[in-house]
Structure formats: C-alpha cells, structure tokens
Amino acid sequence: MVTKIVMPRLSLTMKTGSVIQWFKKEGEAVQKGEPVVEVLSEKVTYDVEALESGVLRKILAEEGVEVPVGATLAFIAAPDEKLPDVEAVAETPQPKFVEEAVAKKQTETAVVRERVLASPAAKRMAREYDVNLTQVQGTGPEGRIVEEDVKRFIEEKTEPMPRIKEIVPLTGIRKTTAERVASSFQTAPHSFIIMDVDMTEAVKLREKTQASYTAILVYAVARALRGQPMVNSTLMEGKIQVYDDINIGIAVSTEKGLVVPVMRNADKKQLAQISSELGKLAEKAREGRMSKEQLTGGTFTVTNLGMYGVNTFLPIINPPEAAILAAGCTMEKPVVANKGITVKPVMTLTLAYDHRIIDGAPASIFLRKVKEIIEMGN
C-alpha cells in the first residue's frame, strides 16, 4: 500500500512548513515509526516518522523547500508498487478534515526535539561551520535565528589573524636548509644520546693555545671517528658506504642562513692547524666567499650553540651523513668526584645518529671516546 508522508499541521496558525533534511534517500527501506524527514514549522522542528514500513520510493519536496500544510512530501510503498500521479498529488493540498486527521496523526507520531528557532539556511550554515545555535542571538521575528546571525557569530568568534609585517620568499641558503633538514628528518630515523664532559683540561688547553672549543671538538671528533668508522658513513641506495676520509663539517651561522664549510682530513691535522683553518673557513662563510669544494664532501658535522648560552639541544643530521654532534655551553656545575663534590666546567654533548646505520652501543662508544679525548686535554 502506498503511504504518503505529508507536511503536518502542528499549530492552529501553521499554514506552511519547510523541509530541513531527509534522513533517508530514495530507494532506502524504512520501518514504521522510523524518523524519515525533519521539517520546520513556525517555531520548532519535528522528526516526521513513517506511518508504514516500505521503501522511500519518491521524494517530492527537497531540502530547503517550503510547502503547504498537508502537501505530500514523499511516498512510501513496496518496491514494485505503482505510485500515484506525482504532479497531481504534490500540487493538491489535502482536504481540511484530512489535514486535521493527518496533522493529528503526525502530532502523535512526530518526535519533537528541543531546538532553537532558526531558519533552514541558518541551520545549514551552523552545521557547516559546527556552530551551536543555542549560543547564537537571533534577530528574526520572535528571536528567530537567520543566516546573517550565524555569519556574525562566526566572524565574532573567529580569532583575528596576526598582522603580517613582511613576506620573505624561501630562497637561497634558507630554501636549501629547509629542504635538507626536512629530507633528513623524514628519511633518517633520528636517535639521540647525551653525555656530559668535564672541560677542565679543555679550558686549560683553550687558554694555552687560544683554540676555540669548536676547534677542540673537531680535533676530538676526528680522532674518535677512526675507531668507529660506521659513524663516518652514509646510506645510499640500500647500501652503507663507509668513508675512508674523515671530513668534518662545521655549522656556521651567517646573515643569509646556516652553512657548513668542510674541513677535509681533519683526523690528520693537529689542533693548531684545525684552529687556524677553522677560523678561515668561518670567516669565508660569513662573508659568503665559500667555494663549492669547501661546502661539499663532509662525512660528519659538528654544531656548537654554546656561544649563545644553549646548554643542550637536539640537532638534525646533515644529509647524507650518518650522525652529527651538538655542543652546548661550558658552564660550572657541581660534580661528584673522589667521594666528594666539586665544581667543574662541564659541556653537554648530544649525538644524533641515523638508527638505520648505527645502533646505540657503537654510538655510545664513539661519544665516550670524544669525551675521553677532550678530558685528556691533549
């Protein structure tokens, strides 16, 4: 049996109603008593339930459409059952007694939910922007919320965007750095180990030779790499390439961005030579006079932010290398030694390594060797 779903009359003054949303699509099965469509009367919304079980065969009133009370909204019927003349049914209001009967029936079966008074457009916008209509002040008749009210609410609640002073294109060194660190962090699983170093002897060595702490670090790292060749390697096309040369890159901050000049064969140089060469490389880097050869071929990188007061930080590996050493500032700390507590200059070192190539144990052995060389002070 074909069953109509009609716009119910839910108040004496109600003449038309609007379709808010259909809970079912054409062709879907519905059960008797199941909510099929949400409609809006003058003040409230209702869920109109199916009077019989069947298939929602034809929807005559789309969402957002306003129709007279008693107008047919849809048909529920068996899958192969012939439907009435759709146009005639849609345009012909029900007789008054039928309207009243249907309205009464619908009143009994409709599920009335507590909702705010709002226009269909306002509700659609509220759903789209996830706005709670109970928080919106309506300006329509009897406080009805209209679309403009929702727009104003969204504008008022949206956090103002910060003003832009300038737009700096991502170019040159900044662009290269961005691409390299992003690639490194996305492709190489970083792991970190951290170790404190007693800088007592390094402080004496620095005062004696005028070598910087960075130069001392490069000296120690280059020698420690001799005993841990896997730390001086790279992963290329599924193969680990272990370098024979030990070329240390030193991160230098310039006005244009971060550059990493490379000191070749650092393990074959004494501290004085490393100190001298490091000063020249840093000067050239800051002046932007680095050659291609001086910026390529690194096998391990040292980065030091101690001069900025940084204690500890986690660096990103300089690709395609396997590891990088980060140094913080040298600062006085209480140290337990010889069953007593004494104050010593301490630097914290952090080794970031590619866990695809290096495990924690060899990484720790390498960092401990760096620590030993620095603490020996020769």
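Biologist: Before the helices are discussed, which angles between helix axes count as oblique?

Modeller: Angles under 35 degrees count as roughly parallel, and those over 145 as roughly antiparallel. Angles of 65 to 115 degrees count as roughly perpendicular. The rest count as oblique.

Biologist: In this structure, are helix 7 and helix 8 parallel, antiparallel, perpendicular or oblique to each other?

Modeller: The model is predicted, and the answer rests on its coordinates. Helix 7 (residues 213-227) and helix 8 (residues 271-287) pack with their axes 9 Å apart, at an angle of about 125 degrees. Their crossing is right-handed. An angle of about 125 degrees lies outside the ranges for roughly parallel, antiparallel and perpendicular, and the two helices are therefore oblique.

Biologist: How many charged residues does the contact of helix 7 with helix 8 have?

Modeller: Helix 7 contributes Thr 214, Ala 215, Ile 216, Val 218 and Tyr 219, which meet Leu 271, Ile 274, Ser 275 and Leu 278 of helix 8. By class, this contact has 7 nonpolar residues and 2 polar ones, and the number of charged residues is none.

Biologist: How are helix 7 and helix 9 oriented to each other?

Modeller: Helix 9 covers residues 360-376, and its axis is 9 Å from that of helix 7. The packing angle is about 130 degrees, and the crossing is right-handed. The orientation of helix 7 and helix 9 is therefore oblique.

Biologist: How many charged residues are in the contact of helix 7 with helix 9?

Modeller: From helix 7 come Leu 217, Tyr 219, Ala 220, Val 221, Arg 223, Ala 224 and Leu 225. From helix 9 come Phe 366, Lys 369, Val 370, Ile 373 and Ile 374. By class, the contact has 10 nonpolar residues and no polar ones, while its charged residues number 2.

Biologist: Which strands are at the edges of the open sheet with the order 1-8-6-3?

Modeller: This sheet is formed by 4 strands with antiparallel pairing. Strand 1 and strand 8 (residues 72-77) pair over 4 bridges, and Val 6 stands opposite Thr 72 in strand 8. An edge strand pairs on one side only, and this holds for strand 1 (3-6) and strand 3 (29-30).

Biologist: Which residue in the hairpin of strand 19 and strand 20 takes a positive phi?

Modeller: Strand 19 (residues 331-337) and strand 20 (residues 340-354) pair in the antiparallel sense over 7 bridges. Pro 334 has Val 343 in strand 20 as its bridge partner. Most residues other than glycine have a negative phi. With 2 residues between the strands of this hairpin, the positive value, near 55 degrees, belongs to Asn 338.

Biologist: Which two residues are joined by a cis peptide bond?

Modeller: Most peptide bonds are trans. An omega of about 5 degrees marks a cis bond here, and its second residue, Pro 320, is found in the loop between strand 17 (300-304) and strand 18 (323-327). The cis bond joins Pro 319 and Pro 320.

Biologist: Over which stretches does the pLDDT stay under 50?

Modeller: The chain averages a pLDDT of 86, and 89% of the residues score at least 70. One stretch under 50 has 15 contacts beyond four places in sequence, and another has 21 contacts beyond near neighbours in sequence. The former is residues 88-99, and the latter is residues 104-114.

How values were computed. Residues numbered from 1 in each chain as written. Predicted model: local features only at pLDDT ≥ 70, side-chain atom pairs only at ≥ 80, totals over all residues. Heavy atoms only, no water. Axes fitted to C-alpha atoms, helices over the stretch in contact; angles between N-to-C directions. Left-handed = near helix turned anticlockwise from the far one by under 90°. Contact = heavy atoms within 4.5 Å. Nonpolar A, V, L, I, M, F, W, Y, C, P; charged D, E, K, R; others polar. pLDDT = per-residue confidence, 0-100. Pairing = 2+ DSSP bridges.
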